[in-house]
Amino acid sequence: MSRTASHAQGGVDGGGTSARSVFAAVDIGASSGRVILGRVRDAGAGAAGSVELETVHRFPNGVVELDGGLRWDFDALFTEVLAGLSAAATVAALQGETITSIGIDTWAVDYGLVNKAGELTAQPYSYRDDRSRAAVAPVHRKLDPARLYGTTGLQFLQFNTLYQLATERDLDGLQALLIPDLIAFLLTGVRRTESTNASTTGLFDAVAGEWATEFLTALGLRKDLFPPLIEPGETVGTLLPEIASRVGLPAGTTVVAVGSHDTASAVAAVPALEGDFAYISSGTWSLVGLELDQPVLTEASRAANFTNERGVDGTIRYLRNMGGLWLLSECQRTWAAEGHTPELADLLAAAAALPPGGPQINPDDSAFIAPDNMPHRIRATVRHTGDLLPDDPAAITRCIMDSLATGYARAIADAERLADRTVDVVHIVGGGSQNRLLCQLTADTTGKKVVAGPVEATAVGNVLVQARAAGHVSGGLTELRRLVVSSHELQAFTPQLSRL
């Protein structure tokens with residue numbers, strides 16, 4: 001177990017009396033997952049509020065080659081979720097606490113197919129599988145891309161859920177459950193689709209906040225292919241008796257819908273208290289954009305490939321989905337297989353020491369989506385542009401960092417122009433907020449102040465939505481974000497023009 005927050009004050013309610021209740025966050029990314037206990041203190045009686053996290057279980061995640069494709073080993077994943085909830089129950093009991101609820105967030109777009117008996121028919125495909133590429137043109141013959149965007153506001157990505165579903169056959173009697181909804185169903189027996197994740201499918205009306213059923217019909221899919229929608233903060237259900245018994249929790253323990261798309265939870269925990277701001281949720285992928293009240297559904301927005309995804313409290317996450325630190329982690333995996341395992345800190349320090357102005361790549365190039373020899377692919381891409389990149393980990397790392405920072409600056413400038421907003425500060429949350437080189441380069445390329453942290457933004461957002469649903473905190477996103485600011489040490493970076 002490891003503590004992951006700067007405040008360890010124990011769980012208390014908004015009035016300052018001992019509540020001894022905690023919240024369990026199941027937070028799973030494309031490469032790893034955690035189960036975390038969250039303790040929340042609302043501001044009151046002159047004291048600053050806080051949110052504290054305690055990681056009780058970590059486990060790896062990743063795609064596997066199975067049945068002719070790249071899939072998620074969901075059975076193993078769910079076993080780890082149960083192990084994590086069991087660990088959470090044990091830790092809470094030892095500290096005299098009760099787990100009030102459970103919230104689940106994961107990556108987006110992928111789904112499992114469940115039959116009427118509630119059985120998963122096969123291990124879910126990963127978005128990194130190439131099967132949906134061939135479905136793009138047939139889908140666009142039925143649904144004009146401009147019409148799709150005008151309704152869903154969704155950025156075109158070949159692995160969006162509607163293109164994956166277009167490859168499926170024999171869906172009679174089956175229902176599609178997005179990954180966090182599938183976990184919630186196996187815990188509670190209740191089928192629902194949480195709205196922030198539904199908005200990533202390409203089958204969700206960005207204005208109405210409902211399923212775009214005409215698109216399902218146009219693709220020959222049933223209108224009830226997905227379960228009914230549920231909003232963050234609403235209760236999905238209570239643990240099934242056999243699940244509760246297995247993990248050591250009371251059968252009445254509730255599963256609460258949070259921002260089940262991990263980026264929605266992360267953005268809910270961006271420590272911004274006033275004014276317009278840009279955010280970068282930096283991890284395996286980079287989600288770069290603005291928080292808006294209404295979607296931007298213009299043709300210019302579609303041409304710029306911006307997406308309008310739903311956030312907590314009905315906000316719009318207006319962003320571009322870009323390549324991220326997957327590029328570096330895949331390089332590290334290749335280097336380790338070759339017997340070269342530099343520490344990340346040493347690698348970044350060596351990269352920072354290199355002069356600016358080196359070669360760059362497009363982090364969004366589809367050539368980088370699948371797992372493979374990433375250093376070779378990056379050097380080959382640079383070579384195709386007529387430049388050269390040494391076969392040196394530091395040089396390749398610097399190329400990745402420069403390329404990401406340049407992409408961030410371009411995406412933020414585009415978002416400001418398309419949404420008619422001006423921002424003064426960029427918030428970087430997630431794993432990338434620990435990467436000082438990336439944060440500084442982002443400040444340099446954007447010309448804006450960068451505030452880094454919290455690292456665990458996704459889990460913080462997950463816990464805060466649960467705590468608000470339980471009545472332990474009150475107010476809107478600004479009030480939740482005040483708890484983030486008072487709980488975490490944030491780091492600021494200002495532009496250093498000499499570095500450009």
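Strand β2 (residues 21-28) is largely enclosed by the rest of the structure, because eight of its eight residues are buried. This description rests on a predicted model, and the points below follow β2 to its partner strands before turning to the aromatic side chains and to a nonpolar patch on the surface.

**Strand β2 and its neighbours**

- Both faces of β2 are covered, since Ser21, Phe23, Ala25 and Asp27 on one side are buried, as are Val22, Ala24, Val26 and Ile28 on the other.
- With strand β7 (residues 98-105), β2 pairs in the parallel sense over seven bridges, and within this pairing Asp27 has Asp105 of β7 as its bridge partner.
- With strand β3 (residues 32-41), β2 pairs in the antiparallel sense over six bridges, and here Phe23 has Gly38 of β3 as its bridge partner.
- The connection from β2 to β3 is a hairpin that runs through three residues.

**Aromatic pairs and cluster**

- The structure holds 10 aromatic pairs. One of them is formed by Phe74 and Phe78, whose ring centres are 6.3 Å apart and whose planes meet at 15 degrees, so the pair counts as stacked.
- Phe74 and Phe78 both belong to helix α1 (residues 74-94), where they are four residues apart, about one turn of the helix.
- Phe74 counts as buried because its relative accessibility is 2%, and Phe78, with a relative accessible area of 12%, is buried as well.
- The rings of Tyr127 and Trp285 have their centres 6.0 Å apart and their planes at 55 degrees, so this pair is tilted.
- Because Tyr127 lies in the loop between β8 (111-114) and α2 (136-142), whereas Trp285 lies in strand β17 (residues 285-292), the pair ties together parts that are 158 residues apart in sequence.
- Tyr127 and Trp285 are both buried, and they belong to one aromatic cluster that also contains Trp72, Trp107 and Phe159.

**Charges over rings**

- The charged end of Arg71 sits over the ring of Tyr125, at 3.9 Å from the ring centre.
- In a second such arrangement, the charged end of Arg128 sits over the ring of Trp326, at 3.6 Å from the ring centre.

**A nonpolar patch on the surface**

- Leu273, Val485 and Leu490 together make a nonpolar surface patch of about 180 Å².
- Leu273 is found in the loop between α9 (262-268) and β16 (278-282), and Leu273 is described as partly exposed because its relative accessible area is 33%.

Terms used. Residues numbered from 1 in each chain as written. Predicted model: local features only at pLDDT ≥ 70, side-chain atom pairs only at ≥ 80, totals over all residues. Heavy atoms only, no water. Patch = residues over 30% accessible without salt bridge, like charges linked within 9 Å, V, L, I, M, F, W, Y side chains within 5 Å. Areas by Shrake-Rupley, 256 points an atom, 1.4 Å probe, with all protein chains shown as cover. Salt bridge = Lys/Arg side-chain N within 4 Å of Asp/Glu carboxyl O. Helix = DSSP H or I, 4+ residues; strand = E, 2+ residues; numbered from the N terminus. Buried < 20%, exposed > 50% of the residue type's maximum accessible area, 1.4 Å probe, protein only. Phe/Tyr/Trp six-rings, centres within 6.5 Å; stacked < 30°, edge-to-face > 60°. Lys NZ or Arg CZ within 6 Å of the ring centre and 35° of its normal. Pairing = 2+ DSSP bridges.
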